[in-house]
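Grab a pencil and open the viewer. Below are a few exercises, each with a solution worked out step by step.

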Amino acid sequence: MESHPNVLAVQAALENADARTTDGSAPRMVVFDEGVHTAAAAAAALGVEVGQIANSLIFDADGEPLLVLTSGAHRVDTGKVAAALGVAKLGRATPEFVRAHTGQAIGGVAPLGHPKPVRTLVDTALAQYPEIWAAGGVPQVVFPITYAELLRVTGGTATEVA
């Protein structure tokens, strides 16, 4: 899995951004034998709280992609997010829409490493954790990062999404 093109794209994006973890080292990819398709499964596999998992959710915001990185302990309030962004319609994207804009499949969408930048919101609830975990481009791969670094490397906007 470490040589999968999506994982390589995420790793390259992290390296290009000079991303760091809590101890100042570069994020390392953690590979599981099987996919961890839910925040609960990822948290259990890592031995961390479910809230430390940064779910990468792609929405269709009036036809444009919107990436919401939300705590695994939350559900996105689409009405609240749509109102904050001033969009008329915000809905879950189809698998085809997700792949077209990220190059990745639902269940493994990373916060970065996409063909072109995607507008990104980062759940403020993730800020309470010194270390958070995000998908590495496929469902079997995750990596650690800090909240501040996640904001920086994605160019995301800190937002209350739940």
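**Exercise 1: around one phenylalanine**

Task: list what Phe 143 is in contact with, leaving aside its neighbours within four places in sequence.

Solution. Contact here means heavy atoms within 4.5 Å. Start with the lower residue numbers: Phe 143 is in contact with Val 10, Leu 14, Pro 27, Arg 28 and Met 29. Then add Pro 111, Leu 112, Ile 132, Trp 133, Ala 134, Ala 135 and Gly 136.

Before you go on, some ground rules: residues are numbered from 1 along each chain as its sequence is written, and side-chain values use heavy atoms, with hydrogens and water left out. This is a predicted model, so local features need pLDDT of at least 70 and side-chain atom pairs count only at pLDDT 80 or more, while totals for chains, interfaces and linings use all residues.

**Exercise 2: the cores**

Task: find which residues have the most contacts inside the largest nonpolar core, and which elements supply it.

Solution. First, the term: a nonpolar core is a set of buried Ala, Val, Leu, Ile, Met, Phe, Trp, Tyr and Cys residues joined through side-chain atoms within 4.5 Å. Buried means under 20% relative accessible area, exposed over 50%, and partly exposed in between (1.4 Å probe, protein chains only). The largest core has 30 residues, and Leu 14, Ile 58, Phe 143, Ile 145 and Leu 150 have the most contacts inside it. Next, the elements: α1 (5-16), β2 (53-61), β3 (64-71), α4 (95-102), β6 (132-135), β7 (141-145) and α5 (147-154) each supply at least two of its residues. Helices (H or I, at least four residues) and strands (E, at least two) are DSSP runs, numbered from the N terminus. Finally, another core of 13 residues lies apart from this one, with Leu 57, Val 76, Ala 82 and Leu 90 among them.

**Exercise 3: following β3**

Task: work out which strands β3 is joined to, and how they run.

Solution. Strands pair if DSSP finds at least two bridges between them. On to β2: eight bridges join it to β3, and the two run antiparallel. Here Ile 58 stands opposite Leu 67. Now β5 (residues 119-123): four bridges join it to β3, running parallel, and Leu 67 stands opposite Thr 120. As for cover, seven of the eight residues of β3 are buried.

**Exercise 4: two aspartates**

Task: where do Asp 18 and Asp 62 lie?

Solution. Asp 18 sits in the loop between α1 and β1 (30-31), with phi near 55°. Asp 18 counts as partly exposed because its relative accessibility is 45%. Asp 62 is in the loop between β2 and β3, a hairpin with two residues between the strands. Its phi is also positive, near 55°, and at 43% relative accessible area Asp 62 is partly exposed.
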